[in-house]
Amino acid sequence: MLEELAIDYAEYLKVDNENEVGALKDVVEDMLTRLEEFQTFMEMVRALRVESTVMHYDTIKGMKSKVNELTGTVNKLEKLVNKVAEDVDLVDQQLTEAEACMPINKDGPLNSILKPFFKKQEDHSSTKQLPAYEPPVIFKSDDYFQAAEAIDALKITESGTSHK
């Protein structure tokens with residue numbers, strides 16, 4: 001009886017884990033397959049990225065001189081705009097000063113017509129002599145852009161509009 005009891009207890013301790021181990025092996029193999037697929041996918045993406053980078057890098061590098069030239073042109077244009085603004089302010093100031101020197105007729109149109117008949121003759125020698133007008137030196141576009149640059153700009157503009 002002791003022997004039978006020992007055999008019964010031994011049966012409880014025997015574990016048949018072949019099914020569990022087999023299922024675990026299947027899961028591990030499936031996971032490895034997916035990892036290999038992911039690795040292949042990542043290698044494809046990396047290869048496409050390198051190919052794309054090389055292809056576009058050469059294009060971008062080729063445009064560097066044009067971008068630098070365009071930057072210079074924009075800087076010159078900005079200086080020209082600032083100079084034009086200064087010149088407009090100067091001419092506006094001169095216009096204001098000229099308007100201040102001019103005699104302004106504050107009378108109505110009827111008084112201005114009849115005034116010469118009723119007013120005493122004034123001495124014209126005491127009238128204010130206006131200073132001679134000297135026009136300001138204003139901008140010249142040639143100082144900022146050469147003729148060749150203007151021709152190049154026209155070519156760029158024409159080629160940009162012809163594609164549309």
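From the N terminus on, the chain reads α-α-α-α. The model is predicted, so to speak of local features a pLDDT of at least 70 is needed, side-chain atom pairs count only at pLDDT 80 or more, and totals for chains, interfaces and linings use all residues. Residues are numbered from 1 along each chain as its sequence is written, and side-chain values use heavy atoms, with hydrogens and water left out.

**Exercise 1. Count the helices and strands, then work out how α1 is covered.**

Step 1: There are four helices and zero strands. Helices (H or I, at least four residues) and strands (E, at least two) are DSSP runs, numbered from the N terminus.

Step 2: Take α1, residues 2-13. Its twelve residues reach 17 Å from first C-alpha to last, close to the 16 Å expected at 1.5 Å a residue. That expected span is 1.5 Å times one less than the number of residues.

Step 3: Now check burial, where buried means under 20% relative accessible area, exposed over 50%, and partly exposed in between (1.4 Å probe, protein chains only). Zero of the twelve residues in α1 are buried, leaving the helix hardly covered.

Step 4: Zoom out to the chain: buried residues make up 3% of its 164 residues. It exposes about 15,800 Å², and carbon and sulfur atoms supply 62% of that. The areas come from the Shrake-Rupley method with a 1.4 Å probe; for residues, only the protein chains shown count as cover.

**Exercise 2. Find the salt bridges and say how accessible each partner is.**

Step 1: Set the criterion: a side-chain nitrogen of Lys or Arg within 4 Å of a carboxyl oxygen of Asp or Glu. Searching the whole structure turns up two salt bridges.

Step 2: One pairs D30 with R34, with the closest N and O atoms 3.4 Å apart. Both sit in helix α2, four residues apart, or about one turn of the helix. D30 is partly exposed because its relative accessibility is 39%, while R34 counts as exposed at 54%.

Step 3: The other pairs K83 with D87, with closest N and O atoms 3.4 Å apart. K83 and D87 are four residues apart in helix α2, so about one helical turn separates them. K83 is partly exposed at 25%, whereas D87 is buried at 6%.

**Exercise 3. Which residues make the nonpolar patch, and which gather in the patch of negative charge?**

Step 1: Patches take residues with over 30% relative accessible area and no salt bridge; like charges are joined within 9 Å, nonpolar side chains (Val, Leu, Ile, Met, Phe, Trp, Tyr) within 5 Å.

Step 2: L2, L5, Y9, Y12 and L13 make a nonpolar surface patch of about 680 Å². L5 belongs to helix α1 and, at 41% relative accessible area, is partly exposed.

Step 3: For charges, Lys and Arg count as positive, Asp and Glu as negative, and His and the chain ends are not counted. Each charge is placed at NZ of Lys, CZ of Arg, CG of Asp or CD of Glu.

Step 4: E86, D89, D92 and E99 gather in a surface patch of negative charge. E86 lies in helix α2, residues 18-101, and is exposed at 51%.

**Exercise 4. Where is S141, and what distance separates its C-alpha from that of L77?**

Step 1: S141 is in the loop between α3 (109-118) and α4 (147-162). With 40% relative accessibility, S141 is partly exposed.

Step 2: S141 and L77 are 64 residues apart along the chain, and their C-alpha atoms are 9.4 Å apart.
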